Structure formats: C-alpha cells, structure tokens
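Me: I am new to this structure and would like a close look at a single part. Could you walk me through the disulfides and what lies around them?

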Amino acid sequence: MFTLAEVASLSDIQPTYRILKPWWDVFMDYLAVVMLMVAIFAGTMQLTKDQVVCLPVLQSTVNSKAQPGTSGKADFTTVETTTGQGEAASMRTVSFRNAPTVTPDVPLSRATSSQYQPTESSQELKKEQKDSSGRKTNLDFQQYVFINQMCYHLALPWYSKYFPYLVLIHTIILIVSSNFWFKYPKTCSKIEHFVSILGKCFESPWTTKALSETACEDSEENKQRLTGAQSLPKYVSTSSDEGSPSASTPMITKSGFKFSADKPMIEVPSVTILDKKDGEQAKALFEKVRKFRAHVEDSDLIYKLYVGQTVIKTVKFIFILCYTANFVNTISFEHICHPKVEHLIGYTQFECTHNMAYMLKKLLISYISLICVYGFICLYTLFWLFRIPLKEYSFEKVREESSFSDIPDVRNDFAFLLHMVDQYDQLYSKRFGVFLSEVSENKLREISLNHEWTFEKLRQHVSRNAQDKQELHLFMLSGVPDAVFDLTDLDVLKLELIPEAKIPAKISQMTNLQELHLCHCPAKVEQTAFSFLRDHLRCLHVKFTDVAEIPAWVYLLKNLRELYLIGNLNSENNKMIGLESLRELRHLKILHVKSNLTKIPPNITDVAPHLTKLVIHNDGTKLVVLNSLKKMTNVAELELQNCELERIPHAIFSLSNLQELDLKSNSIRTIEEIISFQHLKRLTCLKLWHNKIVNIPSSITHIKNLESLYLSNNKLESLPAAVFSLQKLRCLDVSYNSIALIPVEIGLLQNLQHFHITGNKIDVLPKQLFKCVKLRTLSLGQNCITSIPDKVSRLLQLTHLELKGNCLDRLPATLGQCQLLRKSGLVVEDHLFDALPSQVKEVLNQDTSIPFANGI
C-alpha cells in the first residue's frame, strides 16, 4: 500500500523550480495527483473486493431430461458462494422439506440422481412447490468457484478489469511530460543555473540599493527642479562658447551617474554605502548574468521542449478522451457468460453480476471529468505559447520605471525563461533586469571604487615627478574615484586602462591641474568639466589602440599647448589617418605622434602655423610623403625617428626657423645633402645617430652655428677635419663607430664641453685633446687606450670621465687636480681606482654640491 504522502511526492519537483511553474502547470500537477489518487483507489478496491457471481441459466429441455420425475418447481438447496481473487470460499446450505440430504463427501449431482421415496403426501408436495420461487441446480461449491473465475475473465469487459491500471499509466505519463524539461540533460543545467542566478539577484542587497537610489534620484531631481537650489558654485568659463562639444562628443549622459554643475552635487545617501562583501557578490552576479546570457541566448531548445511536451499532453488528452468514451458504457452490473465447459458443469450459459461495476463507472466518469479539465488547460497553454512571441522579451516597463534605460531586450531561451518567471511574479524580472544594465554595473563599480579609494588613500599615492610637480597615477581601476577631484593641488593626473572613466564637474576645483594623461582611457566629460579643461589644460597625453579611443573633446581644447598621441593611426579602419581636425587647437605648440604613418597627416597642417615642435616616431613604417613639412615654417624642433628614411628629406631645408633636427633610427647611408643646411641659419643641433652613415662630408663646415652633433651608432671609420672647424660645437657624440684615431684638430674646438667616443678603436689620446679646457664630459670607454696622459689635469671643469673597458694599467695621479671630478663621475675598474695615491682618492671621494653633467 502507498501512503498519500508517497503518492504526492511522485509529482513533486524541487521547490526552487516553482518560479518557473505558471499557474496552469501547477494546476495540472494537482489534477495529475487527483488522477493518481483515483487510479490508486480504484486499483485498491479492485484488488480487495472485485468479484463476479454467476448462476446457470436452466433450460426446460435440459432439466426435463436430467430429472424426468421432478417438476420445475421442486424443492432445492441454495448454495451461495463468494469467490474473490485469492480468497477462501464459504458455503451456506439451506435444506427444504422433502429435499434430499446433502452429504459433504458425496457430490450433489449424485445425491439428486439417487432414487428416494417422498415422505409426504402429494398434496403437501404441491403446496410446498407453490411457496418456493427458485430453482434447484445440480452444481456444488467447487463448480461455482470455477465458473465465477472463468466468467470473470471471459464475460467481464477488459476495460472493467484494467481501468485502474490504465489510469495509473496515463497519469504517470502526464506527470513525466509536465516535468520533462526540468530533467532533460540539455536543459536542466541551464534551468538550474538560471534559477540559482535569479534567486541571488532577487535577494541581492545591491538590487534593493540600486532601485532605492533610483527612487532617491528621481525625488531629488524633482525637488531641485522645483526649488532650483545650487549646492556647488557653477564654473564660469572665461572663454566664449566657441569650441563647445557637439552632439557627437562623448559626454556623461543621463544613463549614468550625473555629475553636473547645473544641478547641486547631492551627497550620496546612506543607502549607497554597500558592504564590501555584498559588493563583491554583486560584481560576481553581473559577470554570471553576462556569461549566462551569452550561453543561453543563442539557442531555443528549452522553448521547443516545452512546446513539445505541451503538444504531447494535448494529444494524450484527446486519445484518452476518445477511447474512454467508447468503453464507458461497457461497464455493466449484469453479464451473460458462455464458458463452453458443458462437459464439466452441465450448463452452457450463466448469468453473472459484477459487484464493482457501479463504483468503477462513477470513478471513470470522475476521471473523464478530470481529463477534460486537464485537456482544456493544455489547450490554453498552447494558446498562450503561440499568442505572443515568447522568444522575445522586452524590459520596456522596467526601463520606464527605473533609471536603467540601457537594459537590453533578450531573445530565445533567455526570453522564454523570463516569460515563465513573469507568470509567477513580475518582480523577479524587474529585479533581475538590474543585473543586465551596464549603468547599474557602473554604479556598483563607482560605489565600490569610492568606498575603497578614499581621499587619504589617494593622497598617499601622490608623488613628485622629474619636473617637481605633484602627480597621481591611477592604473586599471573600474572608474575615477570621486575623491580624486578633491586633490585641488594636483598638477598631473594620469589615468591608465580605465575604460569607464568619467570626468565630472568637480574637476573645476583642481585649479592647479594642467597636465592630463589618458592611456587606453576614452574618458567622457560632463559639459562643465569640458569648459574647465578647455580653458585650463595645457598638456594632454593620449595613448590608444584604435583611433576611436581618442575622445572627441580632445580636438576642441583650444588652449592646449602640448598634445601627445601614441597609437595606431594607419589601419584600414582609420582610413590611413583618423585624426579629427586640429583646427581648433589654436595655441598648440608641441605635437608628438608615435604611430605607423606613411605620410604626415594633412590635418596637422591645420595647426602648422602654430607648431614649434613636431615629433613623429614610427614603428618602422616608411614615411614617404613629407611635402607638408614645408608649411610648418615656425617649427623649431623636428624629430623623425624610426621612419625608414634613406636620405635627409629635402622638405626639411625649407624650415627656416629650424633649430634642432633629430633623424634617429632610420636607414640613412649618406648625408651629402648636408650642405643645404647652410640655409638654416638657426640650426644648432643635428642628431643623425643610429643610422648607417659611412662618412661625413666636408660640406658640414658650412653649418656655422652648429653646437651639437650626434653621430653615434653609425659606421664611421674616421672623423674629417671639417668637423673640427665648427667653432661653436659644444657637444660631439661619435660613440659606437669604428673610429681608430682622434685627429689632432680636435684642439680647435675650444668651446667643446661634451665629447663621447665610447665603443670605438682608439688606442692613443692626442695631447691636443686636453686643450679643450671647457670639457665637462669625456667618454672614452670600451676602446684600446693604454695610458692617460698627465695633461688630463688641464681639464679643470671635468665632472664625468669614463675610462672603463680599455687596456689601462694605471691612472695618472694628476686626476686629483681636476677640481670638479669626483668618484661618482669617474667610471673605471675598481682596481685602477684603488691603485691611485691615497691623497688623490681622498680628493675624489670628497662631497660636492657641484651639479654633475653626463652629457645629453
């Protein structure tokens, strides 16, 4: 026997799935339980009480032949049997007068066929026959049991016998069909994951806080709209509205945190103070929802499976209803039986009664009623499935009721699961939508960020750079902490790898800020913040991967003095050059572009009249078109590094104001064009280092005003005398070549302060070298020098002497007479320094406050 609790548990599913069970599925589950109870009740009754009772139909012809001397209304013995499946039989015998005595050991047929004499008179016999209404049969108890069992299987319709089992099977099939999608391997994992995430999203403290903040923001906005109060002084631009960002400029929109000077800065309510653990859990939920959406939204298997099982239940309902209606009338109380065992019984026909017929018929009608209700619900479910597109789900109402206007619409299985949840409670979907919104995620990040990065912590990260300016470098944060804008004395702000950086109106407090670095950080600014940056920012560094990362407002900073752009500007997506017009940068003086250009961008010519320094660092891409250089008449410094130049570009010779030229790391082999530099009267510094130059033409002597010449890391084998005719030369760098001899003409360079010839093949130092008494830096390392003349003592201004890597066996004691030379500026092997006289070492070890110069 099954208990009711055990039966009910057969149709139970995990309680966590209840949110995916609409009312019709729940109702059908209850109907299935009732049908299961009907099946169990009918089966139990059938097993314990189901039976048939049969009596033979006596024909007059048969009876007259069997008993010629006995009338049809003779006295009889009534044998009443109760035959149940598996029960013992009982017998009750009633003997009338003048009836034969029944002996248990002798069959009744035998006793009735024996001859006996009537004990009463014929008048009494007739009177007795008139009083009795039944007929005597010639069957004993065992024969009744046999007939009852045979007729139970032969005369009783099959539906009367198997109805409870059919109901049980049908009900189990319906239960399995209803819950199949929860157990199918390819869907159950997604459903379990969804239910788990949905429950966590519903109960997450961040959900309540986010929705509460929405209500707070709405109420505060309405209040401020009515009162027009101002809690922060509005920054008033000193410039006109010219250069204001257009509609395409990335500004902070209303979908995120609103930092605007047009509205008061409202203190964050206490509801935004989120526990760190809750914040971390909320961050994990955002990531889980994102991954679950990507995993589920690309298929519609769950939807198809649910539709399929609903169709199966509907077809099952129609099938059960059709065949049950045909057999309901076959359940009857009376039945005629023809067992065909006349040779054993003596009778051919029996009339039987089925004692469970009325009960089974009522149970069957009840079952049909339940099936009809079940079927109508299935039809309604199909109507619901095909009435609306369940593979599309819109959060339109949620977007209208909250500030999260960016909650995306979803599709396929993701949408279907949300439609199912809505049948349970639409609040689940509303709270779940919070974790689909990037605005909500950004709010969480900002709250967590501000909680972690307090003013005191940021103050600890402020340092002083090489220019003695206060600098703050923020790296890989989820946003810019609010406390940053309270550092009003900050000079330099570096933001690196902060994809959601937003610059609010509070930046107007940072009156000392003049330099901003945006490294892979496409920052968005609020209108008032842009006005402040436009008027105050002087130096901007932007590092990017794609040109789209460059904020559009950068091109509108009309008071900008220095702009550094580092990134890819020559991709197909950028159409060779992706810079917007620089025409608005009217005060730009320095433009530094580190990219892979094939030509100087035409847009740069828009600011050419203002530029004084142009730096182009390529990544090895050959810079071909240089004609636009001619327009940059005011450029004083020009650097073209790593541009695969083979010769000095002729366009450079038109730059009449050029003072410094740097052609480092190119492929220049010859510099015969150097004679044209004589027209550049202001040229003082020429850097041709890291090239492939073999010799220096004598025409270099025409560059009369040259003060610095850098020819290191080339293929020079000698230095022509023409070099030493440049009387104004203060710095000469020919390191890492193949020079074997220092010409004696070097003594002519009376203004020479820095001489670098490290990494060559010098073995002897000419005494004329020490006539250059203004030398402050002398680099002679990694050569073949065997001795240092004592005349080194003439170099009274020497502060840096490099001798390491030579073949020296000693150092001259006259080094002590170099008044400004100290041990920190003397680069030699330790054993050579230790071999110096003690008084010399004492002089070299003395502290000095004289600034040390090691060359450029």
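Reply: Happy to help; here is a tour of the disulfides, followed by some of their surroundings.

Please keep in mind that this is a predicted model. To set the scene, the protein chain has 856 residues, and 49% of them are buried. The chain contains 21 helices and 26 strands. Among contacts with a separation of 6 or more, 58% join residues that lie 24 or more positions apart.

Now to the part you asked about. A disulfide is a covalent bond between the sulfur atoms of two cysteines. This structure has two disulfides. If you count the bonded cysteines along the chain, the pairing reads 1-4, 2-3.

Let us start with Cys54 and Cys352, which form a disulfide with their sulfur atoms 1.9 Å apart. The angle about the S-S bond is 110°, and this link is right-handed. Cys54 sits in strand S1 (residues 52-56) and Cys352 in strand S5 (residues 350-354), so to find both ends you need to look at distant parts of the chain, 298 residues apart. Cys54 and Cys352 are both buried.

The other disulfide joins Cys151 and Cys337, whose sulfur atoms are 2.1 Å apart. Here the torsion about the S-S bond is about -90°, so this disulfide is left-handed. Cys151 belongs to helix H6 (residues 141-154), while Cys337 belongs to strand S4 (residues 334-337); these are again distant parts of the chain, with the two positions 186 residues apart. Cys151 has a relative accessible area of 2% and is therefore buried. Cys337 counts as buried too, because its relative accessibility is 1%.

What does Leu55 in strand S1 touch? Leaving aside residues up to four places away in sequence, Leu55 touches Tyr144, Gln349, Phe350 and Glu351. Leu55 is partly exposed, because its relative accessible area is 47%. From Leu55 to Asn148 the distance is 8.7 Å, C-alpha to C-alpha, although the two are 93 residues apart in sequence.

Two other cysteines deserve a glance. Cys731 has Cys685 as the closest cysteine by sulfur position, but the distance is 7.7 Å, so the two are too far apart for a bond. Cys731 is buried, because its relative accessible area is 2%. Cys188 is buried as well, because its relative accessible area is 16% and the cut-off is under 20%.

Cys188 falls within the range of helix H8 (residues 185-203), whose axis comes within 11 Å of the axis of helix H10 (residues 276-296). The axes cross at roughly 150°, and H8 and H10 are therefore roughly antiparallel to each other. The crossing of H8 past H10 is left-handed. On the H8 side, the residues that meet H10 are Lys190, His193, Phe194, Ile197, Lys200 and Cys201. On the H10 side, Leu285, Lys288, Val289, Phe292, His295 and Val296 take part. Sorted by class, this contact has seven nonpolar, two polar and three charged residues.

To bring the picture back to your request: one disulfide ties strand S1 to strand S5, and the other ties helix H6 to strand S4.

Key: Residues numbered from 1 in each chain as written. Predicted model: local features only at pLDDT ≥ 70, side-chain atom pairs only at ≥ 80, totals over all residues. Heavy atoms only, no water. Axes fitted to C-alpha atoms, helices over the stretch in contact; angles between N-to-C directions. Helix = DSSP H or I, 4+ residues; strand = E, 2+ residues; numbered from the N terminus. Parallel < 35°, antiparallel > 145°, perpendicular 65-115°, else oblique. Left-handed = near helix turned anticlockwise from the far one by under 90°. Contact = heavy atoms within 4.5 Å. Nonpolar A, V, L, I, M, F, W, Y, C, P; charged D, E, K, R; others polar. Disulfide = S-S within 2.5 Å. Buried < 20%, exposed > 50% of the residue type's maximum accessible area, 1.4 Å probe, protein only.
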